Amino acid sequence: MRIAIAKVVFCEPEILFLDEPTNHLDLVALIWLEQYIKSLDITVVIVSHAKDFLNEVVDEIIELQNQKLTYYKGNFDQFEKTKVEQAKQRIRKRESQLEEIAHMQKFVDQFRANAKRATMAQSRMKAIEKIKAELQEEEFSEPSYVFKFPVPERLQRPVLQMSDADVGYSKDLPILKKVNVDVDMDTRVAFVGPNGAGKSTLLNTLIGKLAALEGKNFKHGKCNVGVFTQHHMEMLDPRLSALEQFHRKWPTHKSEQVRRHLGSFGISDVLALRPLTLLSGGQKSRVSFAMITYEAPQILLLDEPTNHLDYDAINALIESLQGYKGGLVIISHDQY
């Protein structure tokens, strides 16, 4: 990502377009990017779901929703506040219009056949038609995002453990030395640090994918670990649908069972049958989450889980993780 941004910066553009520029950036690089954008005297257009980043660098928001563009002045916090207030105003206006229609319709129904008041009833009917023509549209609401993690079997400590472990790929030059980490089903921990510091290598050693150079690493015999990596989606076959991905890994499992589980991550109906190449980045992420949680893991290890997720999906993921009954280890540069 830093190389891609460097190439764009080198061109000295007059208009700068950035699509999800914060994905995979560490905090130092992110701060540099924020300062660089703020220093530019050109038009910058950004597609992003990184709330804190947008608060720092933009002064206008254009929302794409329900096949419409809506324009807001200010940063992301101001956009959220204004959007809520405007929605309340539209709802109140619609309710007032419907009440007025109902009130006049009652008069029409009562006096339509009354010769003396027929003219008044006719006038009310015309007024009703006019209000209906100007009736505020019903408020559009996005489909709710869901992440429903299965409840795992409870395991006693220790579950995952590293003792005086050296981590890396060469005994002569380990990335980390004398690491002591204890992860159980009550753990809630984040590993933070610059890119290249060894965070992903540490996770791989913790789960036994990479052997410790020195010291010990232990994994409970019944422990099932769900691992979401930065490149998890690249390991999925883009030609297959989500349902086919599951059947390839669990060929004996019934489609109904698999589709119920996919549905608990918002991948239902036609989305479950569509080739992954036709899904958005966020939808592919939800397929990945569905796969790593299918066997009810006791521990979730999530490496940059918010990349490609939109704002609503990130909030849904946060809410679901808060209710998850297992241990949680996260690598993330997402401040929010």
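User: In strand 6, which residue is the bridge partner of methionine 162?

Analyst: Valine 181 is the partner of methionine 162. This is a predicted model: local features need pLDDT of at least 70, side-chain atom pairs count only at pLDDT 80 or more, and totals for chains, interfaces and linings use all residues. Residues are numbered from 1 along each chain as its sequence is written, and side-chain values use heavy atoms, without hydrogens or water.

User: How many bridges join strand 5 to strand 6?

Analyst: Two strands pair if DSSP finds at least two bridges between them. Strand 5 (residues 160-167) and strand 6 are joined by 5 bridges and run antiparallel. Strands (E, at least two residues) and helices (H or I, at least four) are DSSP runs, numbered from the N terminus.

User: What is the strand order of the open sheet of 3 strands?

Analyst: The order is 6-5-8, with antiparallel pairing. Strand 6 (176-183) and strand 8 (214-219) are the edge strands, each pairing on one side only. From one strand to the next, the twist averages 15°. Helix 6 packs on this sheet and touches strands 5, 6 and 8 (contact: heavy atoms within 4.5 Å). The direction of helix 6 makes about 125° with that of strand 5. Angles run from 0 to 180 degrees between N-to-C directions, with axes fitted to C-alpha atoms, for helices over the stretch in contact.

User: Which strands does helix 6 lie across in the parallel sheet?

Analyst: Helix 6 (residues 199-206) lies across strand 7, strand 10 (299-303) and strand 11, at about 150° to strand 11. That open sheet has 4 strands in the order 7-11-10-9, paired in parallel. Strand 7 (188-191) and strand 9 (225-228) stand at the edges with a single partner strand each, so one side of each has no neighbour in the sheet. The twist here averages 10° from one strand to the next. Strand 7 is joined to strand 11 (residues 327-331) by 4 bridges. Alanine 190 stands opposite isoleucine 330 in strand 11.

User: How do I read an aromatic pair, and how many are there?

Analyst: Take the distance of the centres and the angle of the planes. Ring centres of Phe, Tyr and Trp (its six-membered ring) must lie within 6.5 Å; planes under 30 degrees apart are stacked, over 60 edge-to-face, the rest tilted. The whole structure has 12 aromatic pairs. One of them joins phenylalanine 107 and phenylalanine 111: tilted, 4.8 Å centre to centre, 50° between the planes. Both lie in helix 4 (residues 76-111), 4 residues apart, about one turn of the helix.
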